[in-house]
Structures are given as structure tokens and as C-alpha cells.
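Visitor: I should like to take a close look at the interior of this protein. Please guide me through it slowly, explaining each term as it arises.

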Amino acid sequence: MVKLNFLVFLVLFFGNCRISNAQENSTQNLKIHQDSIVFQIRTGINIGGFTPMPLPAEIRKINKFNPKLNFSVEGSATYWFGKEKKSWGIKTGIRLENKAMETDSDVKNYGMEIIGENGETVAGNWTGGVNTQVDNSYITIPILATYALNEKWEFSLGTFYSLLIEKDFSGYVYDGYLREGGPTGNKVVFSGDKTATYDFSNELRKFSYGLEVGSNWNASTHLNVFANLTWGLNDIFKSDFETITFGLRPIYLNLGFGYVF
């Protein structure tokens, strides 16, 4: 419901934000180079995942990685400098996006806190299989410097700031054993079909930030296709969360198309 309402808001808002003084003199001068401020909406898919950099020694083998199908919708405004052909500009906006993935790995001495049959939690070091599912939604504000190489191609570079609005970081462990309290603690074995779940959703950080770089190809006056790469710079977990001993950062490629008003 949050996503649907936000999408309706963007369409209604930017649908009424046409620049009245736009003039299209010829097919060689696209509208994006004639207006001082240009509004657009665009939608795309995010492809990527949450990953440690570099891969830690605890993760011995990745058995499966599923990036899932993640959607994004964005409304933005670009201010172009100069009165004639506008090569440089600054762009910002609001993006509603989903970042999700599923992984299955073999690990050794992996920090873990499992949920017991009666709801109790047991923390320690896990050796065996780990299945992880992440499904997060964010409101993101990019702030980008934009350069128009010509009437067709634009490039951008800057930062993004995200607020977590929906969260899920959970999974289960299987076919292995947990050392309670540390590597030499009491051994709890899970074999056969026996599994134990975990849920670190409440340990996720509310705010995140990172770098964003992208390109934009103007197919016509109003339509374009784009590709953006976002690279998170801070750990997705809170600073006082110590169960997982390494940081995870979102790295996603956003591909889609846009409409310029």
C-alpha cells in the first residue's frame, strides 16, 4: 500500500509540473537542452545484492544466489546551467525502490543467533548451511552532477541517501552445528531435515548512503533509457550489532526508461 500510494503521488505531482516555456526548434535540439529545469519520471528494475567487501573467510562456498525482481519508480528535477546548450546541471528527486536477494552458502564459524522451538534465542558460531533472504524497501534521494555530452547522451555522478521503510533480513540454518557462545562452546547439531530460523530485521540501519553513477540515452524528446549503479558506503546493520562480524553493503544496477515532461 505504501508503494502504491507513493507511485500515485509521483504521477500526479510531476504530471502537473510541465515547463511552460519549452520550445522545440528542431529535431537536433532536444527539449532537455532548452529548459532551465526539466522534470521527469522513470521506472526500472534493480539487479544486485547485499555483499561484504571483500568476501570473508567465514563464507566458504556460495551455493545459490537469486537477485529477485526489484522495482523502482522515481520523480526527479534537473537544473541546467547556462542559457544556450546546457552541458552541466544538478539533479535531485525522490525514488521508491526495492532491494532484495536470496543466498544459500556453506559457512564456518559464522556468527549466528538462532530462534529455538520455544522462541528462545541461542547465539554462537555456526558451521554448515545458511539460507538468507533480504527484502527491503527504501525512499532514496539522489544528489547528482549531470553532464550532457550531446543531444543523446547524458552522464551523472554523485551521492544517494536512503531511508528504510520496509525491512526483512531473515533465513534459516541447516545441516551443521552451532557452538554456543563461541568457537569452543557447547555443540548443538542440526542434521537431516532439522533447521533453525533467524531474523535480524530489527538490527537493520534506518539510514544509508553511498555513491551513484549513471548514464542516460535520449531516444526522443520525451523518452529515454538509463542505467545507474549505486554502491552503498555504510553497513546495513546498526553499529552495535555484533552477531555478524563483517559489514554488508548494497550494490545494485538500476535499468529502466523515463519520460521527460
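Guide: The structure holds three cavities of 30 Å³ or more. On a 1 Å grid over the protein atoms alone, a cavity is a set of points where a 1.4 Å probe fits but cannot get out, and lining residues have an atom within 4 Å of a point. Points are joined across faces, edges and corners, and a volume is the space filled by probe spheres set on them. The model is a predicted one, in which local features need pLDDT of at least 70 and side-chain atom pairs count only at pLDDT 80 or more, while totals for chains, interfaces and linings use all residues. Residues are numbered from 1 along each chain as its sequence is written, and side-chain values use heavy atoms, with hydrogens and water left out.

In the largest cavity there is about 60 Å³ of space. Its wall is formed by N136, Y138, L164, L204, R205, F207, S208, I236 and P250. Two or more of these lining residues come from each of β5 and β9 (207-218); such strands are DSSP runs (E, at least two residues), numbered from the N terminus. By class, the lining has six nonpolar, two polar and one charged residues. Here Ala, Val, Leu, Ile, Met, Phe, Trp, Tyr, Cys and Pro count as nonpolar, Asp, Glu, Lys and Arg as charged, and the others, Gly among them, as polar.

Two residues of this lining, L204 and I236, lead onward to F169, which is in contact with both of them (contact means heavy atoms within 4.5 Å). Leaving aside neighbours within four places in sequence, F169 also has T132, Q133, V134, Y198, D199, F200, S201, F237, I244 and L248 among its contacts.

F169 belongs to the largest nonpolar core as well, a group of 27 residues in which M112, F169 and F237 have the most contacts. Such a core is a set of buried Ala, Val, Leu, Ile, Met, Phe, Trp, Tyr and Cys residues joined through side-chain atoms within 4.5 Å; buried means under 20% relative accessible area, exposed over 50%, and partly exposed in between (1.4 Å probe, protein chains only). The elements giving two or more residues to this core are β4, β5, β7 (169-180) and β8 (187-199). The largest contribution, five residues, is that of β4. In soluble globular proteins, nonpolar side chains tend to be buried together.

The same F169 joins Y198, F200, F237 and F241 in one aromatic cluster. The structure holds 14 aromatic pairs: rings of Phe, Tyr and Trp (its six-membered ring) pair if their centres lie within 6.5 Å, and planes under 30 degrees apart count as stacked, over 60 as edge-to-face and the rest as tilted. One of the pairs is formed by W126 and F190, whose ring centres are 5.7 Å apart and whose planes stand at 65 degrees, so it is edge-to-face. Because W126 lies in strand β5 and F190 in strand β8, this pair ties together parts that are 64 residues apart in sequence. Both W126 and F190 are buried. Y259 and F261 also form an edge-to-face pair, because their ring centres are 5.2 Å apart and their planes at 80 degrees. Here Y259 is partly exposed, with a relative accessible area of 29%, whereas F261 is buried, at 9%.

The largest pocket holds about 300 Å³ of space. A pocket, unlike a cavity, is an open set of points, with protein on both sides within 12 Å along at least five of seven lines. Its lining has 18 residues, and F50, I59, M101, T103 and S105 lie nearest its centre. Two or more residues of the lining are given by each of β1 (37-51), β2 (59-66), β4 (88-115) and β5 (121-148). Of these strands, β4 supplies the largest share, five residues. The lining comprises 13 nonpolar residues, five polar and no charged.

Some details of the backbone complete the view. In the loop between β1 and β2 is P54, which is joined to M53 by a cis peptide bond with omega of about 0 degrees. K68, in the loop between β2 and β3 (70-80), is not a glycine, yet has a positive phi, near 60 degrees. D175 in strand β7 likewise has a positive phi, near 50 degrees, and is exposed at 51% relative accessibility.

Technical notes:
Helices (H or I, at least four residues) and strands (E, at least two) are DSSP runs, numbered from the N terminus.
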